[in-house]
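Thanks for coming. I'll take a few minutes to walk through one structure, from a single strand pair out to the whole chain.

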Amino acid sequence: MRVFGLAGWSGSGKTTLLCRLIPELIGRGRRVSTIKHAHHAFDVDQPGKDSFEHRAAGATEVMIGSAMRFALMHELRDAPEPTLAELLGRMAPVDLVLIEGFKRDSHAKLEVYRASVGKPPLWPTDAAIVAVASDTPQPECSRPVLGLDDIAGIADLVDTRAVDATALLV
């Protein structure tokens, strides 16, 4: 299993790019999964549903299964936030895991940058950023710069720069 990340400030277009990149990689024969980091409390469950009530009653994990999918929710209950390596260790093997966020981690990543967001680029202080995807030229950038619409070129970059997940699990 190999991993590659997309990092950037909120509003830069990471999710949009990821949703365009996944079908391109699948079309190349890759089995792809994703991990997304959230900086806030989130819930994928709804009050009133049995699974929500199980968690509210104190269950540490609740799994929901059907003929179409299953989901596992794990309550941390004041335990520390899991690391990227711990989350990767819980995933079923695939060819490639695309990581959205986790911009402070050291895995190889593409910075998604839009000057209109009003934040400075990340690449000058992050050696793990191997390239930048932007909607404007970045002549000062010391790394390869691709257009945000160059999905085939970004997929090529992912194919060549993704790293073995075991390197992150140590």
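A definition before we start: two strands are said to pair if DSSP finds at least two bridges between them. Keep in mind that what you see is a predicted model.

Now the pair I want to show you. Strand β3 covers residues 61-65 and strand β4 covers residues 70-74. They pair in the antiparallel sense, over 5 bridges. Given the cut-off of at least two bridges, β3 and β4 therefore count as a pair, with 5 bridges between them. Which residue is the bridge partner of I64 in β4? That partner is A71. The link from β3 to β4 is a hairpin, and 4 residues make the connection.

Next, the chain as a whole. How many helices and strands does the protein chain have? There are 5 helices and 9 strands. Reading from the N terminus, the order of elements is β-α-β-α-β-β-α-β-β-β-β-α-β-α.

On dimensions, the C-alpha trace spans about 55 × 35 × 30 Å along its principal axes. The protein chain has 170 residues, and 38% of them are buried. If you take the contacts between residues at least 6 apart in sequence, 56% of those join residues at least 24 apart.

Last, the surface and the charges. The accessible surface of the protein chain is about 9900 Å², and carbon and sulfur atoms account for 56% of that area. The chain carries 19 positive and 22 negative charges, and the mean positions of the two sets lie 2 Å apart.

That's the end of my part.

Notes
Residues numbered from 1 in each chain as written. Predicted model: local features only at pLDDT ≥ 70, side-chain atom pairs only at ≥ 80, totals over all residues. Heavy atoms only, no water. Helix = DSSP H or I, 4+ residues; strand = E, 2+ residues; numbered from the N terminus. Buried < 20%, exposed > 50% of the residue type's maximum accessible area, 1.4 Å probe, protein only. Contact = heavy atoms within 4.5 Å. Areas by Shrake-Rupley, 256 points an atom, 1.4 Å probe, with all protein chains shown as cover. Lys, Arg positive; Asp, Glu negative; His and termini not counted. Charge placed at Lys NZ, Arg CZ, Asp CG, Glu CD.
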